[in-house]
Amino acid sequence: CTVIFTRLATRDLHKPISILFCNLAVSDLFTSFSGFWISMLFITDPDITIFGSRDMLAPYALYTTSILSTIYNLVSIGIERYLAVAESMRTRLRVARNHSIAVVFISWVLAFFLGCLPLMGWNCLHAERSASVLYSPFCVNYLVFITMPNVVVAFLVPLFTYLRIIIILRKRKLRMQACGQATGTYKSAETQVARTSISIWLLALVSYAPFFAGVIFDAANRRCHTDLYPGVYIFRNCTAMLITLTCLGNPVLYTLKLRALGAKLKALRCLSANRVRTI
(Lines give C-alpha, C1' and ligand atoms only; values in the text may rest on other atoms or scores of the structure.)
Protein backbone atom coordinates (compact mmCIF):
# COMPACT_ATOMS: atom_id res chain seq x y z
CA CYS A 1 0.00 0.00 0.00
CA THR A 2 2.89 2.35 0.74
CA VAL A 3 4.37 1.71 -2.70
CA ILE A 4 1.04 2.36 -4.42
CA PHE A 5 0.38 5.50 -2.38
CA THR A 6 3.80 7.09 -2.89
CA ARG A 7 3.87 6.40 -6.62
CA LEU A 8 0.36 7.73 -7.18
CA ALA A 9 0.92 10.79 -4.99
CA THR A 10 4.30 11.73 -6.49
CA ARG A 11 3.13 11.23 -10.07
CA ASP A 12 5.82 8.70 -10.92
CA LEU A 13 3.47 6.70 -13.14
CA HIS A 14 4.52 8.54 -16.28
CA LYS A 15 7.52 6.20 -16.38
CA PRO A 16 6.92 2.71 -17.85
CA ILE A 17 8.91 0.98 -15.12
CA SER A 18 6.87 2.77 -12.44
CA ILE A 19 3.67 1.31 -13.88
CA LEU A 20 5.16 -2.17 -13.54
CA PHE A 21 6.36 -1.44 -9.99
CA CYS A 22 2.91 -0.19 -8.96
CA ASN A 23 1.26 -3.21 -10.54
CA LEU A 24 3.66 -5.50 -8.68
CA ALA A 25 2.56 -3.84 -5.45
CA VAL A 26 -1.09 -4.46 -6.40
CA SER A 27 -0.29 -8.14 -7.02
CA ASP A 28 1.45 -8.41 -3.66
CA LEU A 29 -1.55 -6.73 -2.01
CA PHE A 30 -3.88 -9.33 -3.56
CA THR A 31 -1.58 -12.12 -2.38
CA SER A 32 -1.67 -10.80 1.19
CA PHE A 33 -5.45 -10.35 1.08
CA SER A 34 -6.13 -13.85 -0.26
CA GLY A 35 -3.70 -15.35 2.26
CA PHE A 36 -5.54 -13.53 5.05
CA TRP A 37 -8.85 -14.87 3.69
CA ILE A 38 -7.53 -18.45 3.77
CA SER A 39 -6.20 -17.90 7.31
CA MET A 40 -9.61 -16.70 8.50
CA LEU A 41 -11.26 -19.78 6.99
CA PHE A 42 -8.71 -21.95 8.81
CA ILE A 43 -9.51 -20.21 12.11
CA THR A 44 -13.27 -20.59 11.70
CA ASP A 45 -13.22 -24.14 10.28
CA PRO A 46 -9.80 -25.85 10.12
CA ASP A 47 -11.18 -29.04 8.53
CA ILE A 48 -12.12 -27.38 5.23
CA THR A 49 -8.51 -26.30 4.66
CA ILE A 50 -7.39 -29.91 5.15
CA PHE A 51 -10.12 -32.01 3.58
CA GLY A 52 -11.30 -29.40 1.09
CA SER A 53 -14.64 -27.74 0.49
CA ARG A 54 -16.44 -25.66 -2.11
CA ASP A 55 -15.80 -22.66 0.15
CA MET A 56 -12.06 -23.01 -0.53
CA LEU A 57 -12.34 -22.66 -4.31
CA ALA A 58 -12.72 -18.88 -4.38
CA PRO A 59 -9.87 -17.98 -1.93
CA TYR A 60 -7.52 -20.54 -3.51
CA ALA A 61 -8.40 -19.19 -6.98
CA LEU A 62 -7.65 -15.61 -5.86
CA TYR A 63 -4.42 -16.79 -4.21
CA THR A 64 -3.33 -18.55 -7.41
CA THR A 65 -4.25 -15.53 -9.53
CA SER A 66 -2.26 -13.13 -7.36
CA ILE A 67 0.83 -15.40 -7.33
CA LEU A 68 0.69 -15.77 -11.13
CA SER A 69 0.31 -12.01 -11.53
CA THR A 70 3.34 -11.46 -9.28
CA ILE A 71 5.42 -13.88 -11.35
CA TYR A 72 4.40 -12.21 -14.61
CA ASN A 73 5.20 -8.80 -13.15
CA LEU A 74 8.67 -9.89 -12.03
CA VAL A 75 9.34 -11.30 -15.49
CA SER A 76 8.05 -8.09 -17.14
CA ILE A 77 10.27 -5.92 -14.95
CA GLY A 78 13.33 -8.00 -15.86
CA ILE A 79 12.54 -7.75 -19.58
CA GLU A 80 11.90 -4.00 -19.33
CA ARG A 81 15.23 -3.46 -17.59
CA TYR A 82 16.98 -5.50 -20.26
CA LEU A 83 15.35 -3.51 -23.07
CA ALA A 84 16.31 -0.27 -21.33
CA VAL A 85 19.97 -1.27 -21.13
CA ALA A 86 20.46 -3.25 -24.35
CA GLU A 87 21.62 -1.30 -27.41
CA SER A 88 21.08 -3.78 -30.23
CA MET A 89 19.03 -2.78 -33.27
CA ARG A 90 16.10 -4.91 -32.22
CA THR A 91 15.78 -3.26 -28.83
CA ARG A 92 16.46 0.34 -29.74
CA LEU A 93 12.78 1.21 -29.53
CA ARG A 94 12.09 2.59 -26.08
CA VAL A 95 9.46 0.97 -23.95
CA ALA A 96 6.59 3.46 -23.81
CA ARG A 97 3.92 3.93 -21.19
CA ASN A 98 1.33 2.31 -23.45
CA HIS A 99 3.52 -0.79 -23.72
CA SER A 100 3.64 -1.13 -19.92
CA ILE A 101 -0.13 -0.66 -19.63
CA ALA A 102 -0.66 -3.35 -22.28
CA VAL A 103 1.69 -5.73 -20.44
CA VAL A 104 -0.15 -5.11 -17.16
CA PHE A 105 -3.51 -5.79 -18.81
CA ILE A 106 -2.32 -8.97 -20.53
CA SER A 107 -0.66 -10.31 -17.38
CA TRP A 108 -3.81 -9.82 -15.31
CA VAL A 109 -6.06 -11.38 -17.98
CA LEU A 110 -3.76 -14.40 -18.21
CA ALA A 111 -3.45 -14.68 -14.43
CA PHE A 112 -7.22 -14.47 -13.92
CA PHE A 113 -7.90 -17.01 -16.64
CA LEU A 114 -5.42 -19.57 -15.32
CA GLY A 115 -6.19 -18.89 -11.68
CA CYS A 116 -9.95 -19.14 -12.08
CA LEU A 117 -9.97 -22.41 -14.03
CA PRO A 118 -11.10 -24.32 -10.89
CA LEU A 119 -14.08 -21.98 -10.61
CA MET A 120 -14.93 -22.77 -14.24
CA GLY A 121 -15.10 -26.50 -13.54
CA TRP A 122 -11.52 -27.82 -13.32
CA ASN A 123 -11.82 -28.95 -9.71
CA CYS A 124 -12.12 -32.25 -7.85
CA LEU A 125 -15.23 -31.69 -5.74
CA HIS A 126 -16.72 -34.87 -7.23
CA ALA A 127 -13.49 -36.72 -8.05
CA GLU A 128 -11.71 -37.29 -4.75
CA ARG A 129 -9.18 -39.72 -6.20
CA SER A 130 -7.64 -36.94 -8.31
CA ALA A 131 -7.90 -34.31 -5.58
CA SER A 132 -4.81 -32.62 -4.20
CA VAL A 133 -3.88 -33.59 -0.66
CA LEU A 134 -2.41 -30.18 0.18
CA TYR A 135 -4.81 -27.93 -1.72
CA SER A 136 -8.06 -29.86 -1.95
CA PRO A 137 -10.45 -29.46 -3.81
CA PHE A 138 -7.92 -28.46 -6.48
CA CYS A 139 -6.96 -31.29 -8.83
CA VAL A 140 -3.38 -32.52 -8.89
CA ASN A 141 -3.17 -32.26 -12.68
CA TYR A 142 -4.31 -28.61 -12.48
CA LEU A 143 -1.60 -27.78 -9.94
CA VAL A 144 1.05 -29.46 -12.11
CA PHE A 145 -0.28 -27.62 -15.19
CA ILE A 146 -0.06 -24.27 -13.38
CA THR A 147 3.17 -24.81 -11.46
CA MET A 148 5.60 -26.38 -13.93
CA PRO A 149 5.67 -23.77 -16.74
CA ASN A 150 5.35 -20.77 -14.46
CA VAL A 151 8.18 -21.85 -12.16
CA VAL A 152 10.40 -22.32 -15.21
CA VAL A 153 9.44 -18.85 -16.46
CA ALA A 154 9.98 -17.30 -13.02
CA PHE A 155 13.52 -18.69 -12.77
CA LEU A 156 14.87 -18.76 -16.34
CA VAL A 157 13.65 -15.43 -17.75
CA PRO A 158 15.04 -13.25 -14.91
CA LEU A 159 18.26 -15.27 -15.05
CA PHE A 160 18.67 -14.51 -18.74
CA THR A 161 17.69 -10.83 -18.54
CA TYR A 162 19.84 -9.87 -15.56
CA LEU A 163 22.84 -11.84 -16.79
CA ARG A 164 22.52 -10.08 -20.16
CA ILE A 165 22.36 -6.70 -18.39
CA ILE A 166 25.54 -7.47 -16.44
CA ILE A 167 27.31 -8.62 -19.62
CA ILE A 168 26.25 -5.48 -21.51
CA LEU A 169 27.44 -3.18 -18.70
CA ARG A 170 30.76 -5.02 -18.48
CA LYS A 171 31.31 -4.71 -22.25
CA ARG A 172 30.60 -0.98 -22.10
CA LYS A 173 32.99 -0.60 -19.16
CA LEU A 174 35.78 -2.44 -21.02
CA ARG A 175 35.11 -0.33 -24.13
CA MET A 176 35.44 2.89 -22.16
CA GLN A 177 38.58 1.62 -20.43
CA ALA A 178 40.12 0.96 -23.84
CA CYS A 179 39.36 4.56 -24.78
CA GLY A 180 40.91 5.86 -21.56
CA GLN A 181 37.62 7.16 -20.15
CA ALA A 182 36.26 6.92 -16.61
CA THR A 183 34.23 3.80 -15.89
CA GLY A 184 33.01 4.47 -12.36
CA THR A 185 29.37 4.79 -13.39
CA TYR A 186 29.32 1.49 -15.26
CA LYS A 187 31.19 -0.28 -12.47
CA SER A 188 28.66 0.99 -9.92
CA ALA A 189 25.71 0.02 -12.15
CA GLU A 190 27.16 -3.44 -12.74
CA THR A 191 27.62 -4.00 -9.00
CA GLN A 192 24.12 -2.79 -8.23
CA VAL A 193 22.50 -5.00 -10.89
CA ALA A 194 24.52 -8.01 -9.72
CA ARG A 195 23.43 -7.50 -6.10
CA THR A 196 19.81 -6.97 -7.08
CA SER A 197 19.70 -10.02 -9.36
CA ILE A 198 21.25 -12.25 -6.67
CA SER A 199 18.72 -10.96 -4.14
CA ILE A 200 15.85 -11.61 -6.58
CA TRP A 201 17.05 -15.13 -7.21
CA LEU A 202 17.47 -15.91 -3.52
CA LEU A 203 14.04 -14.48 -2.71
CA ALA A 204 12.39 -16.47 -5.52
CA LEU A 205 14.28 -19.64 -4.51
CA VAL A 206 13.33 -19.36 -0.85
CA SER A 207 9.68 -18.51 -1.50
CA TYR A 208 8.64 -20.55 -4.55
CA ALA A 209 10.91 -23.62 -4.43
CA PRO A 210 9.19 -25.11 -1.32
CA PHE A 211 5.78 -24.58 -2.95
CA PHE A 212 7.05 -26.30 -6.11
CA ALA A 213 8.41 -29.17 -4.01
CA GLY A 214 5.04 -29.46 -2.28
CA VAL A 215 3.24 -29.78 -5.61
CA ILE A 216 5.70 -32.48 -6.73
CA PHE A 217 5.12 -34.34 -3.47
CA ASP A 218 1.38 -33.91 -3.92
CA ALA A 219 1.51 -35.37 -7.44
CA ALA A 220 3.62 -38.34 -6.36
CA ASN A 221 1.67 -39.05 -3.19
CA ARG A 222 -1.56 -41.04 -2.96
CA ARG A 223 -1.97 -41.30 0.82
CA CYS A 224 -4.97 -40.09 2.80
CA HIS A 225 -5.20 -36.69 4.47
CA THR A 226 -5.17 -38.16 7.95
CA ASP A 227 -1.99 -40.15 7.25
CA LEU A 228 -0.09 -36.94 6.44
CA TYR A 229 -1.47 -34.85 9.27
CA PRO A 230 0.01 -32.70 10.80
CA GLY A 231 3.55 -32.60 9.40
CA VAL A 232 2.74 -32.06 5.72
CA TYR A 233 0.20 -29.36 6.51
CA ILE A 234 2.70 -27.53 8.67
CA PHE A 235 5.02 -27.57 5.66
CA ARG A 236 2.18 -26.23 3.49
CA ASN A 237 1.55 -23.39 5.93
CA CYS A 238 5.26 -22.54 5.98
CA THR A 239 5.32 -22.29 2.18
CA ALA A 240 2.34 -19.92 2.35
CA MET A 241 4.18 -17.80 4.91
CA LEU A 242 7.27 -17.64 2.67
CA ILE A 243 5.16 -16.50 -0.29
CA THR A 244 3.58 -13.84 1.90
CA LEU A 245 7.02 -12.66 3.04
CA THR A 246 7.88 -12.28 -0.64
CA CYS A 247 5.24 -9.56 -0.74
CA LEU A 248 7.41 -7.66 1.73
CA GLY A 249 10.66 -8.47 -0.08
CA ASN A 250 9.51 -7.29 -3.52
CA PRO A 251 8.96 -3.64 -2.52
CA VAL A 252 12.31 -3.54 -0.74
CA LEU A 253 14.16 -4.98 -3.75
CA TYR A 254 12.36 -3.10 -6.52
CA THR A 255 10.99 0.16 -5.17
CA LEU A 256 11.43 0.92 -1.51
CA LYS A 257 14.94 2.27 -1.21
CA LEU A 258 14.40 3.34 2.37
CA ARG A 259 16.16 6.71 2.17
CA ALA A 260 14.36 7.66 -1.04
CA LEU A 261 11.05 6.48 0.39
CA GLY A 262 11.60 8.49 3.55
CA ALA A 263 12.41 11.59 1.50
CA LYS A 264 9.25 11.15 -0.57
CA LEU A 265 7.06 10.65 2.47
CA LYS A 266 8.64 13.70 4.11
CA ALA A 267 8.00 15.75 0.97
CA LEU A 268 4.37 14.58 0.91
CA ARG A 269 3.95 15.48 4.57
CA CYS A 270 5.42 18.94 4.01
CA LEU A 271 3.20 19.41 0.97
CA SER A 272 0.11 18.49 3.00
CA ALA A 273 1.14 20.84 5.80
CA ASN A 274 1.62 23.71 3.34
CA ARG A 275 -1.83 23.08 1.85
CA VAL A 276 -3.39 23.17 5.32
CA ARG A 277 -1.65 26.45 6.12
CA THR A 278 -2.79 27.90 2.80
CA ILE A 279 -6.39 26.91 3.51
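A residue is called exposed when its relative accessible area is over 50%, buried when that area is under 20%, and partly exposed in between. With that yardstick in hand, a look at this predicted model can start at the cysteines. C1 has a relative accessibility of 63%, so it goes down as exposed. C22 is a buried residue, because its relative accessible area comes to just 9%. As for disulfides, searching the whole structure turns up 0 of them.

Next come the helices. Two packed helices are described by the angle between their axes and the distance between the axes. Here the pair to look at is helix 2, spanning residues 16-44, and helix 5, spanning residues 97-115; their axes come within 8 Å and cross at roughly 20°. Angles under 35 degrees count as roughly parallel, and helix 2 and helix 5 are therefore roughly parallel to each other. Their crossing is right-handed.

Which residues make this meeting of helix 2 and helix 5? On the helix 2 side they are P16, I19, L20, N23, V26, S27 and F30. Helix 5 brings R97, S100, I101, V103, V104, S107 and W108. Sorted by character, the residues in this contact come out as 9 nonpolar, 4 polar and 1 charged.

Further along the chain, A240 sits in helix 9, which covers residues 231-254. Is A240 buried, exposed or partly exposed? Its relative accessibility is 28%, so A240 counts as partly exposed. A240 can also be placed relative to S207: the two are 33 residues apart in sequence, while their C-alpha atoms lie 8.4 Å apart in space.

Notes: Residues numbered from 1 in each chain as written. Predicted model: local features only at pLDDT ≥ 70, side-chain atom pairs only at ≥ 80, totals over all residues. Heavy atoms only, no water. Disulfide = S-S within 2.5 Å. Buried < 20%, exposed > 50% of the residue type's maximum accessible area, 1.4 Å probe, protein only. Axes fitted to C-alpha atoms, helices over the stretch in contact; angles between N-to-C directions. Helix = DSSP H or I, 4+ residues; strand = E, 2+ residues; numbered from the N terminus. Parallel < 35°, antiparallel > 145°, perpendicular 65-115°, else oblique. Left-handed = near helix turned anticlockwise from the far one by under 90°. Contact = heavy atoms within 4.5 Å. Nonpolar A, V, L, I, M, F, W, Y, C, P; charged D, E, K, R; others polar.
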